[in-house]
Amino acid sequence: MIQVQSSQQREERAEDLNSKEDLQRKLKKLKRSEDYLKMEADKQKVQCEKVQVTDSDLSEQIKAVTKESHVRAENTELMLSFQKANISLQQYKLLLCSLYKIYEALEEELDRNASHESVTPIYFPQELARMEALKKDLEHFYGQDWREKMIVPAATLRYAQRLREIGSENPEYLVAHAYTRYLGDLSGGQVLGRITQKALGLKNGEGLAFFTFPAVSSPNLFKQLYRSRMNSIELTETQREGVLEEAVRAFEFNIQVFDELQNLVNTLEKNELRQRHKTHNLETPDVRVSPALSSSLTSGSQLLRMLLGVCFALAVGMGIYVF
Ligand code: HEM
């Protein structure tokens, strides 16, 4: 009895050890994975900073004041065609050009003001900066001389101009623009990335670097951290009002860029269509006949031939009669 018990126990212990070892192996593998470590780091950062959001927080106020603008931005023709996966390469390439100009201005101003008290808490170049990613995408689509081939509408230049203006005069407003772009990229932007990849059949992430944030393992956790940093910025009442107004303006700039980009796409597509018609007309004779018309012509000439045949027979018959 004692012997049976101990062998059972030994078996159970061996099983336990096996499953424990298995678990430990799996855990080790998971822990070793870079993603896991990054996720832990994000979690720790968020926990350390005790995220508690209240109605008086900047992150909540900014979300509330831009709610209506967000709906309008989502419903611009350009964003709707992205959501319906109805995008052309032309549209995507032009969007990348404008985004480059916008992020160039935003990130240069954030870098220049990195030690400003309202910028430091939300300064995350490692995790968020988009300029290098956009350069990579533009080079992929346009080649080495992408800078010379870029086309941007006037609205994009106005947006970039505003960013440079506030970078010099009101750096505390930069948070409004950084919030609008980066949190948008980490929210709906992630879905748009997947749609773009499928719609344009882009392989191995080529041309999609803009949507990828390799240093952010969990966009949701990162957004929590970002909001808590926004809430830690000390602002006077006037400055806070200014930031909220600037956030609405930031959405407005984006809407104008999308509208002008869509107009540009429509014009370019119309011109291309006209050009294609022109070349087609040059290659074919001036008078072209549709298949339906040509078959009716064929049957018309057959009728004419029959009529001539009858006339000829009559004439011959009459001739015979006369002579
Ligand atoms: C196709 C268009 C869009 C879709 C489908 C979309 C979708 C979303 C969704 C679902 C969220 C909520 C995510 C969450 O609560 O965690 C969100 C948040 C956000 N979006 Fe968009 N979005 C679109 C366009 C835009 C545009 C054009 C901008 C600005 C340029 C923008 C800026 C933002 C911002 C700043 C947030 C964060 C809100 C906050 O939590 O405070 N979005 N978006």
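This passage describes the confidence of a predicted model, the shell around its ligand, and the packing of helix α6 against three other helices.

The structure is a predicted model. Its chain has an average pLDDT of 83, and 71% of the residues score at least 70. Two stretches fall below 50. In residues 286-304, where the pLDDT is below 50, the model shows 1 contact beyond near neighbours in sequence. Residues 306-323 also have a pLDDT below 50, and for this stretch the number of such contacts is 0. Where pLDDT is low, the predicted coordinates should not be read in detail.

The ligand is surrounded by 17 residues, of which Lys63, Ala73, Gly184, Ser187 and Gly188 are the closest. Two or more residues of this shell are given by each of α4 (67-74), α5 (77-83), α11 (174-185), α12 (188-200) and α14 (237-283). The largest share belongs to α11, with 4 residues. By class, the shell around the ligand comprises 8 nonpolar, 7 polar and 2 charged residues.

Helix α6 was examined against α8, α10 and α11. Two packed helices are described by the angle between their axes and the distance between the axes. For α6 (residues 89-112) and α8 (residues 131-142), the axes come within 9 Å and cross at roughly 150°. An angle over 145 degrees counts as roughly antiparallel, and α6 and α8 are therefore roughly antiparallel to each other. Their crossing is left-handed. On the α6 side the contact is made by Lys93, Leu96, Leu99, Tyr100, Tyr103, Glu104 and Glu107, and on the α8 side by Met131, Leu134, Asp137, Leu138 and Phe141. The contact of α6 with α8 contains 8 nonpolar and 4 charged residues, and no polar ones.

With helix α10 (residues 154-169), α6 packs at an angle of about 0°, and the two axes are 9 Å apart. This angle makes α6 roughly parallel to α10. Ser98, Lys101, Ile102, Ala105, Leu106, Glu109 and Arg112 of α6 meet Thr156, Tyr159, Ala160, Leu163, Arg164 and Gly167 of α10. The residues in the contact of α6 with α10 divide into 6 nonpolar, 3 polar and 4 charged.

Helix α11, which gives 4 residues to the ligand shell, also packs with α6, at an angle of about 135° and with the axes 11 Å apart. At this angle α6 is oblique to α11. The crossing of α6 and α11 is left-handed. Here Leu106, Glu109 and Leu110 of α6 make the contact with Leu174, His177, Ala178 and Arg181 of α11. This contact of α6 with α11 has 4 nonpolar, 1 polar and 2 charged residues. Leu106 and Glu109 of α6 thus appear in the contact with α10 and in the contact with α11.

Terms used: Residues numbered from 1 in each chain as written. Predicted model: local features only at pLDDT ≥ 70, side-chain atom pairs only at ≥ 80, totals over all residues. Near = placed C-beta within 6 Å. Nonpolar A, V, L, I, M, F, W, Y, C, P; charged D, E, K, R; others polar. Axes fitted to C-alpha atoms, helices over the stretch in contact; angles between N-to-C directions. Parallel < 35°, antiparallel > 145°, perpendicular 65-115°, else oblique. Left-handed = near helix turned anticlockwise from the far one by under 90°. Contact = placed C-beta atoms within 7 Å. pLDDT = per-residue confidence, 0-100.
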